[in-house]
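This briefing is meant for a reader meeting the structure for the first time. It begins with a sheet and the helices that lie across it, then turns to a pair of helices and to the salt bridges.

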Amino acid sequence: MFFERPDAGETAVLVHMDFQDEKEREDPGELLELVRSAGAVPATLLTGSRKRPDSRTFVGSGKLEELREALSVHGAELVIFNHGLSPSQQRNLERELKCRVIDRTGLILDIFAQRARTHEGKLQVELAQLEYMSTRLVRGWTHLERQKGGIGLRGPGETQLETDRRLLRGRIKAIHKRLDKVRTQRDQNRRSRARAEIPSVSLVGYTNAGKSTLFNALTESKVYAADQLFATLDPTLRRLEIEDVGPVVMADTVGFIRHLPHKLVEAFQATLQEAAEASLLVHVIDAADPDRELNVEQVETVLDEIGALEVPTLKVMNKIDLLDSAPRIERDGEGRPEVVWLSAREGRGLELLEQALSECLADDVIDFALTLEPEQGRLRAGLHELGAVREERFAEDGQTHLQVRLPRRDFLQLMARLGERAEDYLPASLSEREAWEETP
């Protein structure tokens, strides 16, 4: 982009190293998925183990020779590392191998660049790319030195490298300003939903866990869903009706991945804020993935980074069709839903998820007995209009005995519309079922 680098083809040699530090270990299978998602063709995977990366070329001289041979045998022009490389390691490897070298972060950024569809998504990807690129400009233009002083030799006093850095800083600043406007708009939308007391539900989870498939099944949408990493990049919002809750805004968000680069987390802060400020998180988990516990840890790490770890969470074990398991709800000691097992692709267990969502979001649903006089017909009609009347009995004296169940906010809004005081109707205790049963 800003300095001379070798061209890259589509055929790639992959490199995965195991280190003693468990926290730094990556998954070679995940690298293959990332490479295919980027559209490259993996020719071969070279593996090895070291105590620590080589400071100059990340791998040792023996592995470097293996890489040269693999590039020659397969006619490849690209090497992809399943690790983060420092700018100097990347440059040294390209100098030694005479081909393009990409690290894990660069690969993920490339996938993001391909998948971004909205204006905001493209801005976020460009910001992450520019900030990533800015650390790799050092010594990029070694053939252009600062012009020397003297008559006829004085230049503008700025090397090409410094010019590139200045242009980068200017573009990064401009993107930040535009993203600030996006964040402001999103904040306004969230405040509007909060004023209307519309709950929001965000789907989160490891990439390729099936979030978009579940989103489509619940909302009858046509969001792009594919069996590949980062199929969804731009957030999608849809309205969903939940029994006992009413309208809910559901958001499908970008998938997380192990060691998600911090620059990406920062760049996608505006998008991820949907999760941080949701009423409920639905954590979608690939139940058939042998590494599902590790994936759950990684998702929780990112949620912690964006300040969303304290948001109430309902776990969804998806893809039970691959386990030959039955749909079910697991509850905690107090009977609240904790985990829903389902298959989004086959549509099995969706009704259980809707039931669990209703229970999780309907904490403020009121269920009580109400006695109305004949002249209070407007209130009775309003309750019927809201679908809140569960049972109704008419007494000989003209009174109407109702058993109603509805969200508290709907009742308060109805009372305000009729000019009534809600506290005049709500019982001191809302567990009035016994009193209702004794009503003649």
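The model shown here is predicted. In it, leucine 14 has isoleucine 80 of strand S3 as its bridge partner, and this pairing is a convenient place to enter an open sheet of 4 strands, whose order is S2-S1-S3-S4. The structure also holds 17 salt bridges, some of which are described below.

**The parallel sheet**

- The pairing within the sheet is parallel, and strand S1 (residues 11-19) is joined to strand S3 (residues 78-81) by 4 bridges.
- Strand S2 (41-50) and strand S4 (100-102) form the edges of the sheet, since each of them pairs on one side only.
- On average, and with direction ignored, neighbouring strands of this sheet are turned by 20° against each other.

**Helices across the sheet**

- Helix H2, which covers residues 61-74, lies across S1, S2 and S3, and runs at about 170° to S2.
- Helix H3, which covers residues 87-97, lies across S3 and S4, and runs at about 145° to S4.

**The pair H12 and H13**

- Helix H12 (residues 377-385) and helix H13 (residues 408-418) have axes that come within 11 Å and cross at roughly 145°, and the crossing is right-handed.
- From H12, the contact is made by Arg378, Leu379, Gly382 and Leu383, while H13 contributes Phe411, Leu414, Met415 and Leu418.
- Sorted by class, the residues of this contact are 6 nonpolar, 1 polar and 1 charged.
- The buried residues of H13 are Arg409, Phe411, Leu414, Met415 and Leu418, and what covers them includes H12 together with strand S7 (246-252), strand S12 (365-372) and strand S14 (400-407).
- After H13 comes glycine 419, which has a positive phi, near 70°.

**A buried salt bridge between two helices**

- Arginine 104 and glutamate 30 meet through their side chains in a salt bridge, with a distance of 2.8 Å from N to O.
- Because arginine 104 belongs to helix H4 (residues 104-115) and glutamate 30 to helix H1 (residues 28-38), the pair ties together parts that are 74 residues apart in sequence.
- Arginine 104 has a relative accessible area of 4% and is therefore buried, and glutamate 30, at 8% relative accessibility, also counts as buried, the limit for this class being under 20%.

**Other salt bridges**

- In the salt bridge of arginine 292 with glutamate 293, the closest N and O atoms are 3.8 Å apart; arginine 292 counts as partly exposed at 23% relative accessibility, whereas glutamate 293 counts as exposed at 52%.
- Arginine 336 forms a salt bridge with aspartate 332, where the closest N and O atoms are 3.6 Å apart; arginine 336 is partly exposed with a relative accessible area of 46%, and aspartate 332 is partly exposed with 23%.
- A network of salt bridges links Arg56, Glu65, Arg68 and Glu96.

Note on methods:
Residues are numbered from 1 along each chain as its sequence is written. This is a predicted model: local features need pLDDT of at least 70, side-chain atom pairs count only at pLDDT 80 or more; totals for chains, interfaces and linings use all residues. Side-chain values use heavy atoms; hydrogens and water are left out. Two strands pair if DSSP finds at least two bridges between them. Axes are lines fitted to C-alpha atoms, for helices over the stretch in contact, and angles run from 0 to 180 degrees between N-to-C directions. Contact means heavy atoms within 4.5 Å. A crossing is left-handed if the near helix is turned anticlockwise from the far one by less than a right angle, and right-handed if clockwise. Ala, Val, Leu, Ile, Met, Phe, Trp, Tyr, Cys and Pro count as nonpolar, Asp, Glu, Lys and Arg as charged, and the others, Gly among them, as polar. A salt bridge is a side-chain nitrogen of Lys or Arg within 4 Å of a carboxyl oxygen of Asp or Glu. Buried means under 20% relative accessible area, exposed over 50%, partly exposed in between (1.4 Å probe, protein chains only).
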